[in-house]
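Okay, thanks everyone for squeezing in. Let me put the model up, and then I'll walk you through it.

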Amino acid sequence: KGGAFDIPGALARGMLTSPNPHGRPNSDVVRPWANGLDITRRPRDMWIIDFGVEGQEEAAALYEQPFGYLLANVKAVRAENRRKAYARHWWRFVEPRPAMRDRLAPLARYLATARVAKHRLFCWVPSAVIGDSQLIVIARADDTTFGILHSRFHELWSLGLCTWLGIGNDPRYTPT
(Lines give C-alpha, C1' and ligand atoms only; values in the text may rest on other atoms or scores of the structure.)
Protein backbone atom coordinates (compact mmCIF):
# COMPACT_ATOMS: atom_id res chain seq x y z
CA LYS A 1 0.00 0.00 0.00
CA GLY A 2 2.64 2.49 1.02
CA GLY A 3 0.44 4.40 3.44
CA ALA A 4 -2.78 4.51 5.44
CA PHE A 5 -5.10 3.42 2.62
CA ASP A 6 -6.96 0.95 4.85
CA ILE A 7 -10.04 2.16 6.70
CA PRO A 8 -12.51 0.62 9.16
CA GLY A 9 -15.87 -0.60 7.93
CA ALA A 10 -17.92 2.17 9.55
CA LEU A 11 -15.93 4.86 7.74
CA ALA A 12 -16.11 2.94 4.46
CA ARG A 13 -19.88 2.55 4.70
CA GLY A 14 -20.18 6.30 5.26
CA MET A 15 -18.09 6.95 2.16
CA LEU A 16 -20.14 4.47 0.13
CA THR A 17 -23.32 6.46 0.72
CA SER A 18 -21.88 9.89 -0.09
CA PRO A 19 -22.33 11.47 -3.55
CA ASN A 20 -19.62 12.75 -5.89
CA PRO A 21 -19.66 15.67 -8.35
CA HIS A 22 -19.25 13.37 -11.35
CA GLY A 23 -22.07 11.05 -10.27
CA ARG A 24 -19.87 7.95 -9.90
CA PRO A 25 -20.24 5.89 -6.68
CA ASN A 26 -17.41 5.65 -4.16
CA SER A 27 -17.68 1.87 -4.48
CA ASP A 28 -15.46 2.35 -7.56
CA VAL A 29 -12.54 3.07 -5.21
CA VAL A 30 -13.62 1.96 -1.70
CA ARG A 31 -13.42 -1.83 -1.56
CA PRO A 32 -13.28 -4.61 1.04
CA TRP A 33 -9.73 -5.52 2.05
CA ALA A 34 -8.32 -8.75 3.51
CA ASN A 35 -5.01 -9.78 5.02
CA GLY A 36 -3.77 -12.96 6.69
CA LEU A 37 -5.82 -12.40 9.85
CA ASP A 38 -9.03 -12.30 7.82
CA ILE A 39 -8.13 -15.69 6.34
CA THR A 40 -6.93 -17.46 9.49
CA ARG A 41 -9.31 -15.85 11.99
CA ARG A 42 -12.51 -13.85 11.61
CA PRO A 43 -13.00 -11.06 9.06
CA ARG A 44 -12.15 -7.68 10.61
CA ASP A 45 -14.46 -5.52 8.46
CA MET A 46 -11.58 -3.57 6.95
CA TRP A 47 -11.79 -1.69 3.67
CA ILE A 48 -9.27 0.06 1.46
CA ILE A 49 -9.20 3.09 -0.80
CA ASP A 50 -7.81 1.96 -4.14
CA PHE A 51 -7.48 4.32 -7.12
CA GLY A 52 -6.05 1.58 -9.31
CA VAL A 53 -2.93 1.45 -11.43
CA GLU A 54 -2.92 4.45 -13.73
CA GLY A 55 -5.51 6.95 -12.51
CA GLN A 56 -4.70 10.65 -12.57
CA GLU A 57 -4.91 12.89 -9.50
CA GLU A 58 -7.63 15.10 -11.05
CA ALA A 59 -9.85 12.07 -11.70
CA ALA A 60 -9.20 10.70 -8.20
CA ALA A 61 -10.13 14.06 -6.62
CA LEU A 62 -13.67 13.69 -7.99
CA TYR A 63 -14.23 10.92 -5.40
CA GLU A 64 -14.37 13.59 -2.72
CA GLN A 65 -14.47 11.69 0.60
CA PRO A 66 -11.97 8.91 -0.27
CA PHE A 67 -9.59 11.40 -1.87
CA GLY A 68 -9.95 13.77 1.09
CA TYR A 69 -9.12 10.96 3.50
CA LEU A 70 -5.93 10.13 1.57
CA LEU A 71 -5.07 13.82 1.31
CA ALA A 72 -5.21 14.08 5.11
CA ASN A 73 -3.62 10.71 5.96
CA VAL A 74 -1.27 9.70 3.14
CA LYS A 75 0.01 12.66 1.12
CA ALA A 76 2.37 14.15 3.73
CA VAL A 77 3.97 10.77 4.47
CA ARG A 78 4.42 9.94 0.80
CA ALA A 79 5.88 13.38 0.06
CA GLU A 80 8.84 12.37 2.24
CA ASN A 81 9.45 9.14 0.31
CA ARG A 82 12.82 8.91 -1.45
CA ARG A 83 11.27 7.32 -4.51
CA LYS A 84 9.99 10.22 -6.57
CA ALA A 85 7.27 8.12 -8.26
CA TYR A 86 5.83 7.22 -4.84
CA ALA A 87 5.71 10.88 -3.83
CA ARG A 88 4.38 12.03 -7.23
CA HIS A 89 1.56 9.42 -7.28
CA TRP A 90 0.75 9.63 -3.58
CA TRP A 91 -2.96 8.67 -4.02
CA ARG A 92 -2.08 5.27 -5.55
CA PHE A 93 -0.54 2.18 -3.98
CA VAL A 94 3.25 2.05 -4.25
CA GLU A 95 3.09 -1.41 -5.84
CA PRO A 96 -0.37 -1.77 -7.45
CA ARG A 97 0.43 -5.12 -9.18
CA PRO A 98 -1.18 -4.55 -12.61
CA ALA A 99 -0.48 -8.10 -13.84
CA MET A 100 -2.24 -9.62 -10.84
CA ARG A 101 -5.19 -7.27 -11.29
CA ASP A 102 -5.48 -8.26 -14.96
CA ARG A 103 -5.54 -11.97 -14.01
CA LEU A 104 -8.16 -11.47 -11.28
CA ALA A 105 -10.43 -9.11 -13.26
CA PRO A 106 -12.46 -11.76 -15.15
CA LEU A 107 -12.89 -13.99 -12.07
CA ALA A 108 -15.85 -13.94 -9.68
CA ARG A 109 -13.61 -15.32 -6.94
CA TYR A 110 -9.98 -16.26 -6.32
CA LEU A 111 -8.04 -18.41 -3.89
CA ALA A 112 -5.95 -16.96 -1.08
CA THR A 113 -3.78 -18.15 1.78
CA ALA A 114 -1.92 -16.27 4.48
CA ARG A 115 1.77 -15.90 3.70
CA VAL A 116 2.65 -16.97 7.26
CA ALA A 117 0.41 -19.35 9.20
CA LYS A 118 0.74 -22.28 11.56
CA HIS A 119 -1.64 -24.30 9.37
CA ARG A 120 -1.85 -24.00 5.60
CA LEU A 121 -5.38 -23.28 4.45
CA PHE A 122 -6.85 -21.80 1.33
CA CYS A 123 -10.16 -20.02 1.00
CA TRP A 124 -12.32 -18.48 -1.66
CA VAL A 125 -12.28 -14.69 -1.73
CA PRO A 126 -14.79 -12.65 -3.77
CA SER A 127 -13.05 -10.73 -6.54
CA ALA A 128 -14.30 -7.41 -5.11
CA VAL A 129 -11.92 -7.91 -2.15
CA ILE A 130 -8.43 -6.45 -2.42
CA GLY A 131 -5.80 -8.81 -1.02
CA ASP A 132 -3.00 -7.46 1.17
CA SER A 133 0.66 -8.18 0.48
CA GLN A 134 0.59 -10.76 3.30
CA LEU A 135 -1.77 -12.92 1.26
CA ILE A 136 -0.72 -15.28 -1.47
CA VAL A 137 -3.35 -14.81 -4.17
CA ILE A 138 -4.00 -17.52 -6.72
CA ALA A 139 -5.86 -16.40 -9.83
CA ARG A 140 -7.99 -19.51 -10.22
CA ALA A 141 -11.71 -19.99 -9.63
CA ASP A 142 -12.06 -23.74 -10.18
CA ASP A 143 -12.74 -26.34 -7.51
CA THR A 144 -10.07 -28.69 -8.88
CA THR A 145 -7.31 -26.21 -8.00
CA PHE A 146 -8.89 -25.73 -4.58
CA GLY A 147 -8.78 -29.50 -4.02
CA ILE A 148 -5.17 -29.82 -5.17
CA LEU A 149 -4.05 -27.00 -2.90
CA HIS A 150 -5.72 -28.69 0.08
CA SER A 151 -4.26 -32.10 -0.74
CA ARG A 152 -1.68 -33.89 1.39
CA PHE A 153 0.65 -33.88 -1.63
CA HIS A 154 0.60 -30.08 -1.80
CA GLU A 155 0.99 -29.79 1.96
CA LEU A 156 4.15 -31.92 1.91
CA TRP A 157 5.48 -30.03 -1.13
CA SER A 158 4.87 -26.63 0.48
CA LEU A 159 6.44 -27.67 3.80
CA GLY A 160 9.48 -28.96 1.91
CA LEU A 161 10.00 -25.61 0.17
CA CYS A 162 8.92 -23.15 2.83
CA THR A 163 10.96 -21.00 5.15
CA TRP A 164 10.21 -20.82 8.88
CA LEU A 165 9.33 -17.67 10.76
CA GLY A 166 8.54 -16.48 14.27
CA ILE A 167 8.69 -17.86 17.78
CA GLY A 168 6.43 -20.80 16.94
CA ASN A 169 8.52 -21.46 13.83
CA ASP A 170 5.47 -21.03 11.58
CA PRO A 171 5.89 -22.04 7.93
CA ARG A 172 6.07 -19.18 5.41
CA TYR A 173 4.41 -20.25 2.17
CA THR A 174 6.81 -20.09 -0.77
CA PRO A 175 4.74 -20.59 -3.94
CA THR A 176 7.68 -21.07 -6.31
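**The two sheets and a pocket**

So, start with the open sheet of four strands: its order is β1-β3-β2-β6, and the pairing is mixed. At the edges sit β1 (6-8) and β6 (130-131), and each of these pairs on one side only. Before I go on, the small print: this is a predicted model, where local features need pLDDT of at least 70, side-chain atom pairs count only at pLDDT 80 or more, and totals for chains, interfaces and linings use all residues. Residues are numbered from 1 along each chain as its sequence is written, and side-chain values use heavy atoms, with hydrogens and water left out.

When I say helix or strand, I mean DSSP runs numbered from the N terminus: H or I of at least four residues for helices, E of at least two for strands. Two strands pair if DSSP finds at least two bridges between them.

Back to β1. This strand pairs with β3 (residues 46-49) in the antiparallel sense, over three bridges. If you want one pair to click on, take I7, whose bridge partner in β3 is W47. Helix α4 (residues 64-73) packs on this sheet, touching β1, β2 and β3, and its direction makes about 90° with that of β3. Helix α1 (residues 9-16) lies across β1, β2 (30-34) and β3 too, running at about 95° to β1. Contact here means heavy atoms within 4.5 Å, and the angles, from 0 to 180 degrees, are between N-to-C directions of lines fitted to C-alpha atoms, for helices over the stretch in contact.

Now the other sheet. This open one has three strands in the order β5-β4-β7, with antiparallel pairing. Why is one side of β5 (123-126) and of β7 left without a neighbour in the sheet? Both stand at the edges, so each has a single partner strand. The twist averages 40° from one strand to the next.

In the middle, β4 (residues 109-114) pairs with β7 in the antiparallel sense over four bridges, and T113 has I136 as its bridge partner in β7. β4 and β5 are also antiparallel, over four bridges, with Y110 bridging to V125 in β5.

Which residues of β5 are on its covered face, and which on the uncovered one? C123 and V125 make up the covered face, W124 and P126 the uncovered one. As a reminder, in a regular strand the side chains alternate between the two faces of the sheet.

Next, the largest pocket, with about 530 Å³ of space in it. A pocket is an open set of points on a 1 Å grid over the protein atoms alone, where a 1.4 Å probe fits, with protein on both sides within 12 Å along at least five of seven lines; lining residues have an atom within 4 Å of a point. The volume is the space filled by probe spheres set on the points, which are joined across faces, edges and corners.

There are 23 lining residues, and the closest to the centre are E95, P96, R97, M100 and G131. β2, α7 (98-104), β6 and β7 (135-138) each supply at least two residues of the lining, and α7 gives the largest share, three residues.

Last, the overall numbers: nine helices and nine strands, in a C-alpha box of roughly 55 × 35 × 30 Å along the principal axes. That's it from me.

Note on methods. Buried < 20%, exposed > 50% of the residue type's maximum accessible area, 1.4 Å probe, protein only.
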